[in-house]
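Hi,

Here is the structure I promised to pass on to you. Have a look at it first, and then read my notes below.

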Amino acid sequence: MANSSPVSRSTLSLDDEALCRDLVTLRDYLRWAASEFHLAGLFHGHGTDSPWDEAVALTLGALHLPWNVDPAVLEARLLPMERARIVALVRERITSRRPLPYLLGEAFFAGFPFDVDERVLIPRSPTAELIETGFAAWFPEEPPSRVLDLCTGSGCIGIATALYLPTCRVDLSDVSADALAVAKQNIQRHDVGVRVRAVLSDLFEGLAGQRYDLIVSNPPYVDARDLATMPAEYRHEPTLALGAGADGLDIVRRILREARHYLTDRGVLIVEVGNSDHHLEAAFPEVPFLWLDFERGGQGVFVLTAEELDAHAASFA
C-alpha cells in the first residue's frame, strides 16, 4: 500500500487557554503563527509578503516591539496577558481575514507609523521611495514649497513628505470626512499641524485659489473586474477608496483635466494608477506618461509636469 503523507491540521481547534499554556516564548509564538497562517492560505498584501513576515509583524506589533529588536528576546517568556493577545490576534486574522494593520491599528509608511482603521486604505504606495529622496529627481536644487496630497486617506503620503521636507507646507484633501478624521489623528501624532492641514474636498473643489509645486495622489483606481475578484482582505477597506468605474480611471480622468489649474509653472503631478496603467495608456496614447520604477516593487505610478499638462490639455478636456 502506498504511503500517505500526514495531513496538517490547524491547532485553532484548541481553546485559547490550551494554546497559551503550551506556547511560552516569543519564538514559540512566531513559529506557531507562521504555521497557522500558512495553513490558512492568507493573502499577504498589506505590508507583508509571506506567512513568516506576517507572523513577525503580528507578534512584534502585539508586544509593542520594534522590527529590529535584539534576537535575544526570542527566548523571552511571555506574560499570560501577552500570550492571550497574540492568540486572539492570530485567531481573528485567520477567521475574519481582516488585514493585520487594522487589527493592530497601525501601519508603517516611509519609515513612520500611522494610525489606520477601516475608514482608510492601509498605506502601501510605492511613492514612499520618492518621499524618502525628497522628490529630488524633479526638485534637485530647491524642494517644493507647497505640496498637495490628493485623496489623502490616512494622510501618510502628505505627512511623510512634511517630515522629510521640513520647509514645505502640505494640504491633505479627501472627499471622505471619515478618512480626514484619521488624517487629523496622524497630523497630531506626528506634531506637524503648523505646516499640514486637512481639507474636505471632492478632488479640487475645496481648494479654489491654491497653487502647488507638487501634487501627489493615490486615488481610487481599481477597475470593476479587479474589484469583483479581490481577495477577502481587501473587502475590509473602504470601497470608496478603491473602485473607480469600469476601467478604474473615473477619478484619474478628472485629475488630469483639472490638476494644471492648481500647479505652479514648475509644478509636477505624480499619480498612482496601479494595475489600471494599461487602461490609461490605451485611453491617452498620445500622452508621454513617465512611468516610474521602484527598487522595493510596485507599478503604475506616472509623472507629468505642468508643461506636459499644458501641451496635452486638449486630450484631457
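**What I found**

Let me start with a contact between two charged side chains: R189 and E106 form a salt bridge, with their closest N and O atoms 2.4 Å apart. R189 sits in helix α8 (residues 177-189) and E106 in strand β1 (residues 106-109), so this pair ties together parts that are 83 residues apart in sequence. Both ends are partly exposed: R189 has a relative accessible area of 35%, and E106 has one of 30%. Please keep in mind that this is a predicted model.

**The overall picture**

The protein has 317 residues, and buried residues make up 50% of them. It contains 13 helices and nine strands. Along its principal axes, the C-alpha trace spans about 70 × 50 × 35 Å. If you look at contacts with a separation of 6 or more, 69% of them are between residues 24 or more positions apart.

**More salt bridges**

How many salt bridges are there? The count comes to 21.

Another one to look at joins R197 and D171, at 2.7 Å from N to O. Here R197 belongs to strand β5 (residues 196-200) and D171 to strand β4 (residues 169-174), so the bridge ties together parts that are 26 residues apart in sequence. The two partners sit in different surroundings: R197 counts as partly exposed at 40% relative accessibility, whereas D171 is buried, with a relative accessible area of 3%.

E258 and R254 also meet in a salt bridge, this time at 3.7 Å from N to O. They are four residues apart in helix α10 (residues 250-258), which means that about one helical turn separates them. R254 is buried, with a relative accessible area of 18%.

There is a network too: salt bridges link E54, R93, R97 and E233.

**Two helices side by side**

Next, find helix α2 (residues 26-40) and helix α4 (residues 80-96). How do they pack? Their axes are 10 Å apart and make an angle of about 10 degrees. The cut-off for roughly parallel is an angle under 35 degrees, and α2 and α4 are therefore roughly parallel to each other.

On the α2 side, the residues in the contact are Y29, W32, A33, E36, F37 and A40. They meet R83, I86, V87, V90, R93 and I94 in α4. By type, the residues of this contact divide into nine nonpolar, three charged and no polar. You may recognise R93 from the salt-bridge network with E54, R97 and E233.

While you are in helix α4, have a look at L89, which lies there as well. Is L89 buried or exposed? With 6% relative accessibility, L89 counts as buried. Leaving out residues up to four places away in sequence, L89 touches L58, A62, L103 and L104. Of these, L103 is 14 residues from L89 in sequence, and their C-alpha atoms are 7.1 Å apart in space.

**The nonpolar cores**

Which residues have the most contacts inside the largest nonpolar core? They are F109, F135, V196, L214 and I270, in a core of 31 residues. The elements giving two or more residues to this core are α6 (128-132), α7 (156-164), β4, α8, β6 (212-217), β7 (263-272) and β9 (301-305). Helix α7 gives the largest share, five residues.

F135 is a good place to zoom in. Not counting residues up to four places away in sequence, F135 touches L130, T161, L165, L214, V216 and I270. A second, separate core has 28 residues, including L150, I215, F284 and F302.

**One last residue**

Finally, L269 is in strand β7. L269 is buried, with a relative accessible area of 0%. Apart from its neighbours within four places in sequence, L269 is in contact with I215, I255, L256, A259, L263, F302, V303, L304 and L309. Two of these names, I215 and F302, are also in the second core. If you want a sense of distance, the C-alpha atoms of L269 and T25 are separated by 49 Å, with their positions 244 residues apart along the chain.

Happy browsing!

Technical notes
Residues numbered from 1 in each chain as written. Predicted model: local features only at pLDDT ≥ 70, side-chain atom pairs only at ≥ 80, totals over all residues. Heavy atoms only, no water. Axes fitted to C-alpha atoms, helices over the stretch in contact; angles between N-to-C directions. Parallel < 35°, antiparallel > 145°, perpendicular 65-115°, else oblique. Contact = heavy atoms within 4.5 Å. Nonpolar A, V, L, I, M, F, W, Y, C, P; charged D, E, K, R; others polar. Salt bridge = Lys/Arg side-chain N within 4 Å of Asp/Glu carboxyl O. Buried < 20%, exposed > 50% of the residue type's maximum accessible area, 1.4 Å probe, protein only. Core = buried A, V, L, I, M, F, W, Y, C linked by side-chain atoms within 4.5 Å.
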